[in-house]
Amino acid sequence: MSAPESTMTDLDADRDYWKNRYQELAELAGSLAHEIKNPLSVIRMNVELLAEDLAELPPEDPKTRRTLRKAQIVQGQCSRLENLLNDFLKFSRVRPLELSPGNLNDPIRRAIEAFEVQAEAQGVEVVRYLDRDLPGMLLDAESLEAAVMNLVKNSLEAMPAGGQLIARTRDTRNGVAFDLIDNGSGMDDQTAMQMFQAFYSTKDQGTGLGLPIARKIVEAHGGRIAVHSAPGIGTKFTLEFPTPARLG
C-alpha cells in the first residue's frame, strides 16, 4: 500500500486540538455571558429606579437612608458584574482563530504602543529588544495582541511607582519566544501558580480573567506560557510558539 500523499504532523495535530478547545471555550463563554447579562441589566435598571424613588423621600427618615444605601450597594455590585461580563466577552470572542503567516513582533509592538501613555505617566521605562530576523509563524494577530495587552497591563500594575519593562523576542530551538520582564512588586510561588486560573485575582477590582484568557489564546496557537516571579524583584512572562518549517 502506498503512503498517503500528505500526513498531518504532530505539530499540526496539536494546533488543531488547541484551536478546537479555544473555539469551544469562546462559544461557551459568549453564550453564558449573554444569558447572565440580560437579567442582570433588568436587575440594575430596576434598582436604579428604586434608588431614584427613595432619593425623593424625606432624607431625615433613618429607614429611608438605610434602604437607599442598600439599593446603592446592589447598584455597585451590578456594575461590577457587568464589567466582569464585558471583560469576559472582550477577550473570548465567539469566533475561531484565523491563523495566517505573520511575525510575532507585530502584535507585540501594537500591544506595547497601546500602553505607552500609561507607562510614561507611571515613570515606567519600556525597553524593546524585538528581533528583526525573527522567523515567521502562523498566528491570529488580533487575539495575540489582546493576550499581550493583558500581560503588559499586569506588569504595569505591578509598578505603580515606576520601573522598567523589557519586551524581547528571540529564536528558540523549535520556534520563537517572547519575554516580558518587569522589576515590579513580584509575587510568591502560590500566587504565580494560581494566576492563570479563571476568576483568581489579587486585585480588589480585578476580574481574574485576563491572564487565563491570555493562556488559552497562546495554547490555541500551539504555544505555551510560563511565569517566573519573586516578591520585591519582579516578574518574567515567557511565551513560546512553534515555527512551521515552511515559514521559518
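In this predicted model, strands β4 and β5 run antiparallel and are joined by 7 bridges. They make a hairpin, with 3 residues between the two strands. If you would like to find one of the rungs yourself, start at Ile-166: the bridge partner of this residue in β5 is Ile-181.

Now turn to another neighbour of β4. Strand β2 runs parallel to β4, which covers residues 163-171, and 6 bridges hold the pair together. Here you can look for Arg-128, which stands opposite Ala-167 in β4.

The two pairings sit side by side in this small table.

| Strand pair | Direction | Bridges |
|---|---|---|
| β4 and β5 | antiparallel | 7 bridges |
| β2 and β4 | parallel | 6 bridges |

As a general rule, the strands of a sheet pair through backbone hydrogen bonds, in a parallel or an antiparallel way.

How are the strands ordered in the whole sheet? Reading across, the order is β2-β4-β5-β7-β6, which gives an open sheet of 5 strands with mixed pairing. At the edges lie β2 (124-129) and β6 (224-230), each of which pairs on one side only. From one strand to the next, the twist averages 10°.

Finally, look for the helix that packs on this sheet: α3, residues 105-113, touches β2, β4 and β5 (175-182). The direction of α3 makes about 170° with that of β4.

Technical notes
Residues are numbered from 1 along each chain as its sequence is written. This is a predicted model: local features need pLDDT of at least 70, side-chain atom pairs count only at pLDDT 80 or more; totals for chains, interfaces and linings use all residues. Side-chain values use heavy atoms; hydrogens and water are left out. Two strands pair if DSSP finds at least two bridges between them. Helices (H or I, at least four residues) and strands (E, at least two) are DSSP runs, numbered from the N terminus. Axes are lines fitted to C-alpha atoms, for helices over the stretch in contact, and angles run from 0 to 180 degrees between N-to-C directions. Contact means heavy atoms within 4.5 Å.
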